[in-house]
Amino acid sequence: AAKFGVTLDQAAQLAAELRTDDQIRLEGLHVHIGSQIVQTAPFGEAVRRVSAVGEFPVYDIGGGLGVNYVETDSAPSVDAYLDEVAAAARAVLPAGARLLIEPGRSVVARAGVTVYTVTTVKTTGRTFVAVDGGLADHLDTALTGQRYSPILADRANAEPGRTVQLVGRQCESGDLLVDRAGLNAPAVGDTVVLAATGAYSYTLTNNYNGARRPAIVFVAGGRDRLAVRRESFTEFLALHDVAREHDWTSPAAAGGDR
């Protein structure tokens, strides 16, 4: 079964039907085999499988190439991925066909980090290190169980020393940024950097418990630029201001005229 689109068995029949429709011009095929894939072989196999559907001007091999989130991950290099896909394409796709890829996570995940300030360090059997963010700006851990590598900015190369629970400020049991994180003597005021958060952090930000969305800063060549400003209280309350402009208890509102 296919979560998105159709299966390869169905694709050939559907392509044949579309080619007979005078209102549709079928330019190519798009394939998606998954996400956070840390071997190159499945991508080459995807090219070989999709070639059996037929000849087209364009083949989009999609994305899914994984990245290293923690030290024990072993994602392939972009070069290795491209070598695998290109070799398969040359072997089985029509000469002159356009080959498209969607690098997605493999580019943006590694391009972004999230920066927090430690607000509390508490030991109650286990040591909890709380920061000034959490579930509202980093939903990925709670939503998908993804693991991340935190470091202390001013001693990134120091041995971890302590195993802690890196938690947020949203006061929920699921507000856990990193389970059993290794940090070197974390203290209030320290800057904690969560690496490889460029893909699934800001897009999942929310206003849970009144949290405002954080800023985005672009950094390159030793220079920084504010790309997205921090959400203000005025912007956060804008929807509430709109609500106050209407009397939702009126008969018209009750009738669904909203």
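Begin the tour by selecting β7 and strand β8 (residues 176-183), which pair in the antiparallel sense over 5 bridges; strands, like helices, are DSSP runs numbered from the N terminus (E, at least two residues, for a strand; H or I, at least four, for a helix), and two strands count as paired if DSSP finds at least two bridges between them. This is a predicted model, in which local features need pLDDT of at least 70 and side-chain atom pairs count only at pLDDT 80 or more, whereas totals for chains, interfaces and linings use all residues. Residues are numbered from 1 along each chain as its sequence is written, and side-chain values use heavy atoms, with hydrogens and water left out.

**The sheet**

Within the pairing of these two strands, pick out Val167, which stands opposite Leu176 in β8. Next add strand β5 (residues 126-131), which runs parallel to strand β7 (residues 162-167) and is joined to it by 3 bridges. Here two pairs can be displayed: Val129 stands opposite Leu166 in β7, and Phe128 has Gln165 in β7 as its bridge partner.

Now extend the selection to the whole open sheet, whose 6 strands follow the order β6-β9-β4-β5-β7-β8 with mixed pairing. The edge strands, each pairing on one side only, are β6 (150-152) and β8. Neighbouring strands of this sheet are turned by 40° against each other on average, direction ignored, where the axes are lines fitted to C-alpha atoms and angles run from 0 to 180 degrees between N-to-C directions.

**Loops around the sheet**

Select Pro160, which sits in the loop between β6 and β7. Its C-alpha lies 8.5 Å from that of Ala181, although the two are 21 residues apart in sequence. Pro160 is partly exposed, at a relative accessible area of 37%; with a 1.4 Å probe and protein chains only, buried means under 20% relative accessible area, exposed means over 50%, and partly exposed lies in between.

Go on to Ala185, in the loop between β8 and β9, where phi is near 45°, a positive value in a residue other than glycine. Ala185 is partly exposed, with a relative accessible area of 48%. Then turn to Gln36, in the loop between β1 (28-30) and α2, which likewise is not a glycine and has a positive phi of about 55°. For Gln36 the relative accessible area is 22%, again partly exposed.

**Salt bridges**

Switch on side chains for the next stops, using the rule that a salt bridge is a side-chain nitrogen of Lys or Arg within 4 Å of a carboxyl oxygen of Asp or Glu. By this rule the model has 8 salt bridges, and three of the pairs are visited here.

- Arg25 and Glu27 meet through their side chains at 3.1 Å, N to O; Arg25 is exposed, with a relative accessible area of 71%, while Glu27 is partly exposed at 38%.
- Arg48 and Glu45 have their closest N and O atoms 3.4 Å apart, and, being 3 residues apart in helix α2 (residues 41-51), they are separated by about one helical turn. Arg48 is partly exposed at 36% relative accessibility, as is Glu45 at 33%.
- Glu231 and Arg213 form a salt bridge with closest N and O atoms 3.7 Å apart. Glu231 lies in the loop between β11 (223-228) and α6 (233-236) and Arg213 in the loop between β9 (191-194) and β10 (216-220), so the pair ties together parts that are 18 residues apart in sequence. Glu231 counts as buried at 13% relative accessibility, whereas Arg213 is partly exposed at 26%.

Before leaving the side chains, select Glu45, Arg48 and Arg49 together, which salt bridges with shared partners join into one network.

**The largest pocket**

For the last stop, display the largest pocket, which holds about 1000 Å³ of space. A pocket, on a 1 Å grid over the protein atoms alone, is an open set of points where a 1.4 Å probe fits, with protein on both sides within 12 Å along at least five of seven lines, and lining residues have an atom within 4 Å of a point; the volume is the space filled by probe spheres set on the points, which are joined across faces, edges and corners.

Which residues lie nearest the centre of the largest pocket? They are Val113, Thr114, Pro214, Ala215 and Ile216, out of a lining of 34 residues. At least two lining residues come from each of α4 (105-111), β4 (114-124) and β10. By residue class, the lining divides into 16 nonpolar, 12 polar and 6 charged, where Ala, Val, Leu, Ile, Met, Phe, Trp, Tyr, Cys and Pro count as nonpolar, Asp, Glu, Lys and Arg as charged, and the others, Gly among them, as polar.
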